[in-house]
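Ready for some practice in reading a protein model? Take a look at the sequence and the structure, and keep both at hand.

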Amino acid sequence: MTPCVMLVRHRSEYTIMRWIKVTLEGHVAVVTLNEISLRFVISRGCPQGGVLSPLLWCLVVNNSITRLSGGGIFIQGYADDICLLAVGKFPNTVSGLMQWALSTIEIWYNKVGLLVNPDKTGLGAFTRKRKLQGFFEPQLSGVKLCLSGSVKYLGVIPDSRLTWREHMEVKVRKAHKLLWTCRRACGMGWGLRPKVVHWLFVAIIQPTISFESLVWWP
């Protein structure tokens with residue numbers, strides 16, 4: 001298993017490696033639909049919500065991150081979400097760098113037995129230019145990535161010109177729904193106490209509106 005291989009490369013203690021290997025092996029999944037049941041052994045992946053799962057994933061993905069660092073690509077990983085950023089003056093140069101990075105990741109993932117889903121991969125160009133002459137859309141796993149006017153990463157939605165308009169519209173709509181959900185639980189002479197209502201606003205609605213305000217406020 002890939003996590004165990006990475007533990008060996010990081011020179012972890014043998015007892016810890018054996019214990020982790022035993023906890024990952026031998027999991028059986030059963031799927032039942034009407035009177036038909038399918039039973040199969042899980043050969044890859046970590047348990048969803050497991051305490052060790054994020055750490056094991058970081059050990060696996062760290063190799064790909066360090067491999068791309070310093071090659072004209074800025075790479076950032078948070079849990080199982082990876083962001084690639086290529087910077088350049090010419091659109092064709094940026095496209096070439098991004099294609100190289102995606103190909104490198106794809107080769108490495110196939111080598112360790114993992115897959116990358118192109119349908120869950122977003123592509124955006126952040127520029128003030130109206131036309132990107134020479135820009136070509138890179139491919140991932142044989143699928144051409146479509147250029148979008150905005151992308152979403154960890155709940156943040158930057159648009160191509162970094163106006164943050166779409167991000168704010170989405171957050172305001174979400175806060176508006178939360179506000180009316182809380183509003184149904186109180187009234188002028190009934191329902192929740194004023195302190196509780198104020199706490200709901202401060203704890204739920206206000207953080208929704210100001211999410212990532214450190215980035216878009218300036």
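Below are five exercises, each with a worked solution.

This is a predicted model, where local features need pLDDT of at least 70 and side-chain atom pairs count only at pLDDT 80 or more, while totals for chains, interfaces and linings use all residues. Residues are numbered from 1 along each chain as its sequence is written, and side-chain values use heavy atoms, with hydrogens and water left out.

**Exercise 1. Describe the overall build of the protein.**

Step 1: Start with the elements. The protein has seven helices and eight strands. Helices (H or I, at least four residues) and strands (E, at least two) are DSSP runs, numbered from the N terminus.

Step 2: Look at the extent. Along the principal axes, the C-alpha atoms fill a box of roughly 65 × 55 × 45 Å.

Step 3: Compare with a globule. The radius of gyration is 23 Å, whereas a compact globule of 218 residues would have one near 17 Å. This radius is taken over C-alpha atoms, and the globule rule is 2.2 Å times the number of residues to the power 0.38.

Step 4: Check burial. Of the 218 residues, 26% are buried. Buried means under 20% relative accessible area, exposed over 50%, and partly exposed in between (1.4 Å probe, protein chains only).

**Exercise 2. Work out how strands β1 and β2 are arranged.**

Step 1: Find the pairing. β1 (residues 28-33) and β2 run antiparallel and are joined by six bridges. Two strands pair if DSSP finds at least two bridges between them.

Step 2: Pick a facing pair. Opposite Val30 stands Arg39 in β2.

Step 3: Inspect the turn. Two residues lie between the strands of this hairpin, and Asn34 has a positive phi near 60 degrees.

Step 4: Judge the surroundings. Strand β2 (residues 36-41) lies largely in the open, because zero of its six residues are buried.

**Exercise 3. Test helix α3 for length and for a bend.**

Step 1: Compute the expected span, which is 1.5 Å times one less than the number of residues. For the 16 residues of α3 (residues 53-68) this should be 22 Å, and the end C-alpha atoms are 23 Å apart, so the two agree.

Step 2: Look for a bend. At Val61, α3 bends by about 35 degrees. The bend at a residue is the angle between axes fitted to the seven residues ending there and the seven starting there.

Step 3: List buried residues. Among them are Leu56, Val60, Val61 and Leu68.

**Exercise 4. Do the same for helix α6, and find what covers it.**

Step 1: Helix α6 (residues 194-209) reaches 21 Å between its first and last C-alpha, close to the expected 22 Å.

Step 2: A kink of about 30 degrees is centred on Val202. With 35% relative accessibility, Val202 is partly exposed.

Step 3: Leu200, Ile205 and Thr208 are buried in α6. Their cover includes α5 (165-183).

**Exercise 5. Classify the ring pair of Trp216 and Trp217.**

Step 1: Recall the rule. Rings of Phe, Tyr and Trp (its six-membered ring) pair if their centres lie within 6.5 Å; planes under 30 degrees apart count as stacked, over 60 as edge-to-face and the rest as tilted. By this rule there are two aromatic pairs.

Step 2: Apply the rule. The ring centres of Trp216 and Trp217 are 6.2 Å apart with planes at 65 degrees, so the pair is edge-to-face.

Step 3: Compare burial. Trp216 is buried at 17% relative accessible area, whereas Trp217 is exposed at 68%.

Definitions and conventions: Contact = heavy atoms within 4.5 Å.
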